Amino acid sequence: MNKIISSLTLFLLFATQASAMNHGVTGISIHNPWVRSAPANAPVLGVFMQINNKTNNAVKLLSADADGYKRVEIHRTLNDNGLMKMVKQPFAPISAGGKLQLKPGSWHIMLIKPDKVPSKGSMVAIKLEFDNGTMQTVHAEVKSGQKMPMNDNHGH
């Protein structure tokens with residue numbers, strides 16, 4: 001009987017320690033994820049959020065995925081000789097102890113070719129993968145938002 005209690009105590013001790021270590025290794029938190037609402041025939045939708053990195057190491061957002069879309073890509077809006085372009089990126093960097101703001105006109109995630117455009121108020125589950133091994137699924141609400149500037153140098 002004492003062996004069973006000792007084994008159970010050791011198991012709980014290791015399980016608790018492993019859970020604490022996993023939480024400490026992760027150090028990634030996601031805030032305010034949302035998807036910009038779009039017309040029913042929209043070919044793409046933008047996803048925005050804030051990602052906090054509370055670790056002592058830089059982290060990369062490597063990929064995002066969501067069911068019901070042909071592709072999900074990480075993008076950044078860049079100024080190319082006065083023309084604003086959304087450019088696919090291989091990853092999004094998040095500095096040690098820093099944060100990355102995915103917002104219109106900057107870093108964002110693109111949901112491409114939806115099977116069905118989600119309606120305003122619905123939720124989209126988005127899986128995020130980081131280079132430190134962290135995988136997180138966020139539930140982003142579809143809501144109105146400011147438009148992305150496509151070209152802020154058009155002679156006005």
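In this talk, helices (H or I, at least four residues) and strands (E, at least two) are DSSP runs, numbered from the N terminus. With that convention, Thr 55 can be placed in the loop between β2 (44-53) and β3 (59-65).

Before I continue, a word on the basis of what I present. This is a predicted model, in which local features need pLDDT of at least 70 and side-chain atom pairs count only at pLDDT 80 or more, while totals for chains, interfaces and linings use all residues. Residues are numbered from 1 along each chain as its sequence is written, and side-chain values use heavy atoms, with hydrogens and water left out.

Let us return to the loop. Is Thr 55 buried or exposed? Its relative accessibility is 13%, so Thr 55 counts as buried; the term buried means under 20% relative accessible area, exposed means over 50%, and partly exposed lies in between (1.4 Å probe, protein chains only).

Thr 55 also takes part in polar contacts. Such a contact is a pair of N or O atoms within 3.5 Å; within protein, one must be able to donate a hydrogen and the other to accept it, and residues adjacent in sequence count only if both atoms are side-chain atoms. The side chain of Thr 55 makes one of 2.6 Å with the side chain of Asn 53. In addition, a polar atom of the Thr 55 side chain lies 2.8 Å from the backbone oxygen of Asn 57.

I now turn to the salt bridges. A salt bridge is a side-chain nitrogen of Lys or Arg within 4 Å of a carboxyl oxygen of Asp or Glu. How many are there by this rule? The count is three.

One of them joins Lys 85 and Asp 80, with N and O 3.0 Å apart. Lys 85 is partly exposed at 36% relative accessibility, and Asp 80 is partly exposed with a relative accessible area of 36%. Elsewhere, Arg 71, Glu 73 and Lys 88 are joined into one network by salt bridges that share partners.

Within this network, the closest N and O atoms of Arg 71 and Glu 73 are 2.8 Å apart. Glu 73 is buried at 9%, whereas Arg 71 is partly exposed at 39%. For Lys 88 and Glu 73, the closest N and O atoms are 3.9 Å apart. Lys 88 lies in strand β5 (residues 83-88) and Glu 73 in strand β4 (residues 69-80), so this pair ties together parts that are 15 residues apart in sequence. Lys 88 itself is exposed, at 55%.
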